Amino acid sequence: MYNLLSVNKLGRNKERKWSEVRMNHPNAEEGNIQRGLKNRHIQMIALGGAIGTGLFYGSASVIKLAGPAITVSYLIGGIIIFFIMRALGEMSVEQPVSGSFSQYAYQYWGELPGFIGGWNYWFNYIVVSMAELAVVGTYVNYWLPDIPIWVSALVCLVAITAINLIHVKAFGEFEFWFAIIKVLAIVGMIVFGVAIIVFGFGHGGVPIGLGNLWQHGGFLPNGVYGVILSLVMAMFSFGGVELIGITAGEAENPRKSIPQAINQVVWRILLFYVGALTVILAIFPWNEMGTQGSPFVQIFTHVGIPAAAHLLNAVVLTAALSTYNSALYSNGRMLYGLALQGNAPRLFAKLNTSGVPVAAILVSSGVTLFAVLLSYIDPDRVFLYLMAVATIAIIINWAMILLVQLKFRQKKEAEKAVLTYKLPWYPFSSYISLAFLASILVIMALIPDMRYSLYIAPAWLLCLYIGYQVKAKRQSEPVRNY
């Protein structure tokens, strides 16, 4: 004989209550989550999230669309990113939890948005991890061509996974130094570039000046339409800055470090994107860009550094490792947050003695390896389709941050709560940012190489919805006691 005990209401209510207790008490260390990230870690993680291979290698293709006016595209995109980060920061400072906006979506919007937001973010970074890990072997082969690409990828995967399993401080230290290398490379490029422009260093002592910024067809050689098209790729270059919110649950002093990191996003973008590209475009005619490789290779070669290609290869390898390191960290914490919500297996909520979600990290690392293997088997189909989903996933992530922030603010205003860190010009900045993201989707429809990703987006969201329904059905099934 056995009794059928329905847990459709009782179990779901307990699950929600348990999760909300965790979210409403962020100072309870998230059940042994360690707050080991210092302010310098948070600062460099924020900086590293905005600097990747998109700047080092992808900027040349973006320049072809807008010419020197690409700096305007990055400036506009940087303003929108600042609003998105301030919206996330408003919630992260008030409730510094591991899992970031997925937790906020779950609490302030509902179970389905929390489920979609969390798994969408996790999958997005799985694909990003796959892309970075896949190119690591290519960079290593520049120096050691006899080593198979899969060997380099596997070694890097094992090493970065081990770092993330040790302690959050280990992740923070490695990411700190990874970001330092990228920063020094860009600062060095800017310094050398200014020396070429003003003093003619490496150019026979003849200053180049700024004429290349408006010659060769003008500042807007392809018109406003070229700038509009370039906004898509410029925005994708900023993917990863939202990692600041993920670190809030493990920051030593999130109410201080998170606002500092977010407030500096704008000037960092001005310096490292607008500043660096302005220097490059002043030295080289925009219509010659891409014929000699990466813009950074061109400038280092121009100042007479024989090892320019080797230096750039080392920097880009570091950038790839940095991105993979951050992606694995964020994926582990996102699975941890999903498990606290009941939207992922409870196994992912278990932590080791150092406060690290081991199972969540290992699973994320394992899936990344499987994806890399798939990309080797059929890179022209599997890999490109997954990257298309990742492209849309970035827009979904940012839009959900803004939508959840609107609901978060409405509830806090109803409670008459006093927020210490607010999104400027709310709610207009939120609506303007949402409208801008919607326009990005329209622009993508105008670009043939990106148009197909818009067809994949509804299918991807449908898969997430079906996954949520399956999860909800299993939770509502009766439990049999024998």
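The legends below accompany an overview and several close-up views of a predicted model.

**Figure 1. Overview of the predicted model, with its secondary structure and confidence.** The protein contains 19 helices and two strands, and 57% of its 482 residues count as buried. Among contacts between residues at least 6 apart in sequence, 82% join residues at least 24 apart. The accessible surface comes to about 19800 Å², and carbon and sulfur atoms account for 68% of this area. The mean pLDDT of the protein is 77, with 75% of the residues reaching 70 or more.

**Figure 2. Close-up of the salt bridge between Arg409 and Glu90.** This pair belongs to a structure that holds four salt bridges, and its closest N and O atoms are 2.5 Å apart. Arg409 lies in helix H17 (residues 379-414) whereas Glu90 lies in helix H5 (residues 70-94), so the salt bridge ties together parts that are 319 residues apart in sequence. Both partners fall under the 20% limit for burial: Arg409 counts as buried at 7% relative accessibility, and Glu90 counts as buried at 1%.

**Figure 3. Close-up of Glu413 and Arg409 within helix H17.** Glu413 forms a salt bridge with Arg409, in which the closest N and O atoms are 3.9 Å apart. Because the two residues are four places apart in helix H17, Glu413 and Arg409 are separated by about one helical turn. Glu413 is partly exposed, its relative accessible area being 45%, while Arg409 is buried at 7%.

**Figure 4. Close-up of the salt bridge between Glu415 and Lys412.** The side chains of these two residues meet with an N to O distance of 3.8 Å. Lys412 is buried, with a relative accessible area of 10%, whereas Glu415 counts as partly exposed at 45% relative accessibility. Elsewhere, salt bridges that share partners join Glu90, Arg409 and Glu413 into one network.

**Figure 5. Close-up of the surroundings of Asn164 in helix H8 (residues 149-166).** Asn164 is buried, with a relative accessible area of 2%. The side chain of Asn164 reaches the backbone oxygen of Ile160 at 2.9 Å. When residues up to four places away in sequence are left out of the count, Asn164 touches Phe171, Asn325, Leu328, Tyr329, Val356 and Ile361.

**Figure 6. Close-up of residues 1-31, where pLDDT stays under 50.** For this stretch the model nevertheless has 61 contacts beyond four places in sequence. Strand S1 (residues 3-5) has the lowest mean pLDDT among the elements of the protein, at 35, while helix H18 (residues 428-446) has the highest, at 92.

Technical notes:
Residues numbered from 1 in each chain as written. Predicted model: local features only at pLDDT ≥ 70, side-chain atom pairs only at ≥ 80, totals over all residues. Heavy atoms only, no water. Buried < 20%, exposed > 50% of the residue type's maximum accessible area, 1.4 Å probe, protein only. Polar contact = N/O pair within 3.5 Å; in protein donor to acceptor, adjacent residues only side chain to side chain. Contact = heavy atoms within 4.5 Å. Areas by Shrake-Rupley, 256 points an atom, 1.4 Å probe, with all protein chains shown as cover. pLDDT = per-residue confidence, 0-100.
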